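This report describes the surroundings of one residue and the pairing of one strand. The sequence and structure are shown below.

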Amino acid sequence: MIQTNSGLRSLVQSLRPITSSLSEIAAYSCYTSQAASALQQVSRPNSYSYNFMTLIEAFGFLLFVGGDSSEDEYAKVDWDNLGFGITPVDYMYTMKCSSDGKFEQGQLAPYGNVDLSPSAAGLYEGTKAYRTEDGRLLLFRLDQNATRMKMGADRLCMPCPSSFQFIDAVKQTALANKRWIPPRGKGTLYIRPLLMGSGPILGLAPATEYTFLVYASPVGNYFKEGLKPLNLYVEDEFHRATRGGAGGVKSITNYAPVLKAMARAKSRGFSDVLYLDSANKKNLEEVSSCNIFLVKGNIISTPATSGTILQGVTRRSIIEIALDHGYQVEERAIPVDELMDADEVFCTGTAVGVAPVGTITYQDRRVEYNVGEESVSQKLYSILEGIKKGVIEDKKGWTIEI
């Protein structure tokens with residue numbers, strides 16, 4: 001309840017007979033910032049410069065928030081049957097934080113929906129649209145993205161669009177934004193399908209309504225190093241996922257835990273962080289935003305996706321390409337000690353593509369790896385990108401032309 005001084009209360013009470021016919025106007029005025037300013041002006045100690053409209057606004061504000069009106073002491077609610085759910089009230093408080101981490105002055109506002117950027121967090125996917133040399137537009141393995149969103153939605157108790165609805169929505173979004181698809185060699189159009197709860201819920205339960213949307217943005221390289229080899233740090237204090245959790249789900253629950261470790265690593269000059277399993281702190285999991293591979297001779301190894309690791313679309317594609325080209329691929333638990341003896345290390349992901357790793361630092365020991373045009377990762381990357389961009393014939397049916 002808004003607190004005012006006794007002088008203001010007496011004055012407002014004396015004005016009630018005069019202003020009864022204006023109560024609707026006064027109530028409306030409480031929505032405006034002028035009403036709040038008027039209230040501050042009137043309630044200022046030792047200030048007697050009142051004017052009629054200022055008092056009307058202040059009186060309306062008091063009436064609306066229950067200032068001194070006995071008939072509005074309680075809302076019209078069946079208090080005897082009050083459960084634990086959303087009952088809209090009069091007001092809520094909002095305050096926004098800018099990019100510098102500082103919150104601006106907040107304010108009360110009538111209870112209601114809020115504006116939200118389409119790039120807000122939730123359960124999401126990531127794919128890209130490519131422009132070929134002859135001007136065709138291609139999408140890559142959308143069925144895999146649709147399947148992964150369905151798996152994530154099941155884990156988080158969310159309804160999910162069908163594969164047909166998912167693929168059709170991505171196609172429509174890409175085609176409608178085709179002028180934003182960069183020229184070949186200049187970047188790609190990153191497309192993000194997003195599923196989020198949009199219905200009211202107060203208790204611990206699935207939302208009453210969900211919204212699926214797809215947005216896009218032209219992008220260049222994910223890492224500031226561009227195509228240069230990455231410099232990774234093995235994290236043994238923070239963990240990104242635990243057994244039985246949602247580490248294998250592509251949602252904010254997967255990525256929020258890595259932000260602190262990432263910021264610390266980047267402040268020390270590293271590109272990103274490689275995480276270990278939370279149970280034993282000895283087996284490799286994944287990098288903050290991508291899967292990891294080790295190469296030793298003709299054997300390519302990558303951690304198995306057993307619930308704590310995201311089932312990357314690029315990861316699966318690289319495994320299939322490697323098998324087609326005579327490499328032996330192992331999906332298994334990989335002790336961190338094997339990093340010290342690997343010939344090559346590389347990362348995969350929709351955003352990062354196939355990124356070679358130049359060095360990894362673990363417990364103050366720094367190891368360097370083979371990189372360059374003759375590396376295994378570069379060969380696999382060239383084949384994958386060739387298929388995505390229509391340079392190499394797609395014999396697997398991975399690409400969709402729009």
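In this predicted model, Asn291 has a relative accessibility of 5% and therefore counts as buried, since the cut-off for burial is under 20%. Asn291 belongs to strand β11, which spans residues 291-296. A polar atom of the Asn291 side chain lies 3.1 Å from the backbone oxygen of Leu310. Leu310 also appears among the contacts of Asn291 when neighbours within four places in sequence are left aside. With those neighbours excluded, the residues in contact with Asn291 are Glu286, Ile309, Leu310, Gly312, Arg315, Phe346, Cys347 and Thr348.

The second subject is strand β6, which covers residues 188-197. Strand β6 is mostly covered, with 8 of its 10 residues buried. Its pairings with β3, β4 and β7 are listed in the table.

| Partner of β6 | Residues of partner | Sense | Bridges |
|---|---|---|---|
| Strand β3 | residues 123-124 | antiparallel | 2 bridges |
| Strand β4 | residues 127-131 | antiparallel | 3 bridges |
| Strand β7 | residues 210-219 | antiparallel | 10 bridges |

Individual residue pairs place these strands against one another. Leu123 has Leu195 in β6 as its bridge partner, and the strand β3 that pairs with β6 comprises residues 123-124. Lys128 stands opposite Tyr190 in β6; the strand β4 joined to β6 comprises residues 127-131. For Pro193, the bridge partner is Val214 in β7, the strand of residues 210-219 that is joined to β6 by 10 bridges.

How values were computed:
Residues numbered from 1 in each chain as written. Predicted model: local features only at pLDDT ≥ 70, side-chain atom pairs only at ≥ 80, totals over all residues. Heavy atoms only, no water. Helix = DSSP H or I, 4+ residues; strand = E, 2+ residues; numbered from the N terminus. Buried < 20%, exposed > 50% of the residue type's maximum accessible area, 1.4 Å probe, protein only. Polar contact = N/O pair within 3.5 Å; in protein donor to acceptor, adjacent residues only side chain to side chain. Contact = heavy atoms within 4.5 Å. Pairing = 2+ DSSP bridges.
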